[in-house]
Amino acid sequence: MNGAFIIASKDLRNIFVSPLFYVVSGICSLIWFLLFSSRLADFIFQSSMQMMQSQGRESGGLPVHFYVIFPHLSMVNLIMIFAVSAFTMRLFTEEKRNRTFDLLLTAPVTSTEIVIGKLIAGVGTAWALLAIGALYPVSLAFFGAMDWGPFASSLLGLALLSAAYVAVGIFASSLTQSAVVAVVLALVFNVMLWFVGVLADRSSDATERTIIEHLNVGEHLQNFMKGNVSLSGVVFMLSLVFLFTFLTRQVVESARWR
Amino acid sequence: MIEVRGLTKSYGPHKAVDHISFSVRKGEVVGFLGPNGAGKTTTMRIITGFMPPTSGTASVAGFDVFENPLEVKRRIGYLPETPPLYGEMTVEDYLRFVARLKKVERSRIASLVERAIEKTQLGEVRKRLIQNLSKGYRQRVGISQALVSDPEVLILDEPTVGLDPRQVAEVRTLIAELKGHHTIILSTHILPEVQATCERIIIINRGKIVAEDSLESLGRRVSQSQAASRVFVRVGRASDDLKAQLQKIGGVRAVQLKDADRYEIDTDGSKEVAQAVAGVVVTSGVGLLELREEAFNLEDVFLKLTTSEESQLKEGALT
Ligand SMILES: Nc1ncnc2c1ncn2[C@@H]1O[C@H](COP(=O)(O)OP(=O)(O)OP(=O)(O)O)[C@@H](O)[C@H]1O
Ligand SMILES: [Mg+2]
């Protein structure tokens, strides 16, 4: 597994010295900032209205988690799909185009180590971006309005889910030499993941529905955001990571046989 | 050190490498020589474990390339046709990465990187980004990465491509220096390269070994079977009569008329032949303008062996 860390540290280093990471995370922060601040302003306005209406009477106010943090984290999730695809697209395509893949394939490392290395690098990058997204809700803690429990479980859900996006992106990247094709493939795969949930609503058969509901990414993420950390949710997301990592390993291994 | 037995690689119906067998002893420098598409790169890729053969076996230091790929890869430094470089890394960082990837012990990494930089004279660009280097420097970084793990076996696919003449000479000196310490296989289409660096050459054509021997004996064998030297004669006006006369001289193997006024005469290499040719031309009165004799060199050997009509040479006189 040592080989995986060597490859991961090389890739992380190359990602963090390239402008791509900073451009993408800059754009993401800007979007998040705009949406978060307008939602927060809206929330403050609404709750002060409510306070005025309920003058004198005891009032719990509006829960900030559901009105500000929850929508913000949903937005973080949406943006992560695109941002992660942008970071992961080059992880294999660049190696193939520069012929550095030849170096990896003739080095004393296994295909599994190569793929795990890429996964670590991709997940590291995705989590760095996720941390930026999480900074906005954390800023609310200064005003003492923070509900840490659901926030932490939301972050756990997002961290697991973005690892799955990374695994999907790396898989897409292993299939082609073109970064553009890799991004498109990654987005298609991710959209397909989310569409499983739509199928659940359509299905009439009861057992079919429960099975599909277990495969519903949106459902699992909702649970995390509500503060329910379920074993099935964690297992589901980890198995997505495992599945796509395994597929990537097969692709890399088959590249040795051509 | 390297044992290759019955190696075959097919791409569909096309055989890129066709039942090749050879072995390389420890410390030997062997040159792979052959025209484009001969199968040099394919053979090297199989030995490095980059891809499997269709049939046959290869082993390095006693380890089979397919049963024990990691052990083999640990012992090989490989320069592919296109140097595998990360443009966004500096030369130093890149070499350190390759050393770690090749599982060099931590304590040796710094000194081996220094050694590789020094041997390939990359000192002045060590802190530069690889993407900003010229093609020749990149090729040197490629050689450097093959060396950096201090491997027992070096496999260099066209190591001097893209280098200026001085660099070519320096790389050849480097290979000569590495001789003995590493076992080296290098491929090239440039003959002076093998002449300058290799102890033994393996000539490949269309996926088959057409000759395998030390330099001198290869040259000698070809001279025995063919011609040892060639006499060039330019005359005022050519005539068929003269050609017939030249052919009669003892020691002359073949006479060819080129460009209306020039004859190329293959001889057995004895001194008297050139004299006799001069005598015949002068007495025939066609006017002798030029006469020179050239010994056959490896270039001719190569061309003879790799042009298909001469392939029988191998079965006939050569082996
Ligand atoms: N991936 C591939 N698919 C199909 N054919 C291939 C492939 N790689 C090589 N070949 C064929 O195999 C043959 C040998 O190629 P190889 O690259 O080994 O030649 P070479 O001796 O290295 O030539 P050069 O001197 O041009 O580098 C060629 O006819 C080539 O077209
Ligand atoms: Mg080649």
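**Two helix crossings and a ligand site**

Modeller: In this predicted model, A:His65, A:Phe70, A:Leu73, A:Ser74 and A:Asn77 of helix H3(A) meet A:Leu221, A:Gln222 and A:Met225 of helix H9(A). Contact here means heavy atoms within 4.5 Å.

Colleague: How many residues of each class make up the contact of H3(A) with H9(A)?

Modeller: It has four nonpolar, four polar and no charged residues. Ala, Val, Leu, Ile, Met, Phe, Trp, Tyr, Cys and Pro count as nonpolar, Asp, Glu, Lys and Arg as charged, and the others, Gly among them, as polar.

Colleague: At what angle do the axes of H3(A) and H9(A) cross, and why is the pair called oblique?

Modeller: The axes of H3 (residues 64–97) and H9 (residues 217–225), both of chain A, cross at roughly 140° and come within 11 Å. H3(A) is therefore oblique to H9(A): under 35 degrees is roughly parallel, over 145 roughly antiparallel, 65 to 115 roughly perpendicular, and the rest oblique. Axes are lines fitted to C-alpha atoms, for helices over the stretch in contact, and angles run from 0 to 180 degrees between N-to-C directions.

Colleague: What is the handedness of the H3(A) and H9(A) crossing?

Modeller: H3(A) passes H9(A) in a right-handed crossing. The near helix is turned clockwise from the far one by less than a right angle; anticlockwise would be left-handed.

Colleague: Why are H5(A) and H10(A) oblique too?

Modeller: The axes of H5 (residues 111–139) and H10 (residues 231–255) of chain A cross at roughly 130° and come within 9 Å, and H5(A) and H10(A) are therefore oblique to each other. Their crossing is right-handed. A:Ser111, A:Thr112, A:Val115, A:Ile116 and A:Leu119 of H5(A) make the contact with A:Val241, A:Thr245, A:Thr248, A:Arg249, A:Val252 and A:Glu253 of H10(A). By class, that contact has five nonpolar, four polar and two charged residues.

Colleague: How many helices and strands does chain A have?

Modeller: Chain A has 10 helices and zero strands, counted as DSSP runs numbered from the N terminus (helices H or I, at least four residues; strands E, at least two).

Colleague: Which residues come nearest to ligand 1?

Modeller: B:Lys40, B:Thr41, B:Thr42, B:Glu81 and B:His189, of the 14 around ligand 1. Near means a heavy atom within 4 Å.

Colleague: What makes B:His189 a polar contact of ligand 1?

Modeller: A polar side-chain atom of B:His189 lies 2.7 Å from an oxygen atom of ligand 1, and the cut-off for a pair of N or O atoms is within 3.5 Å. A polar backbone atom of B:Gly39 is 2.9 Å from a ligand 1 oxygen.

Modeller: Residues are numbered from 1 along each chain as its sequence is written, with chains lettered from A and ligands numbered from 1 in the order in which they are written. Local features need pLDDT of at least 70, side-chain atom pairs count only at pLDDT 80 or more, and totals for chains, interfaces and linings use all residues, while side-chain values use heavy atoms, leaving out hydrogens and water.

Terms used:
Polar contact = N/O pair within 3.5 Å; in protein donor to acceptor, adjacent residues only side chain to side chain.
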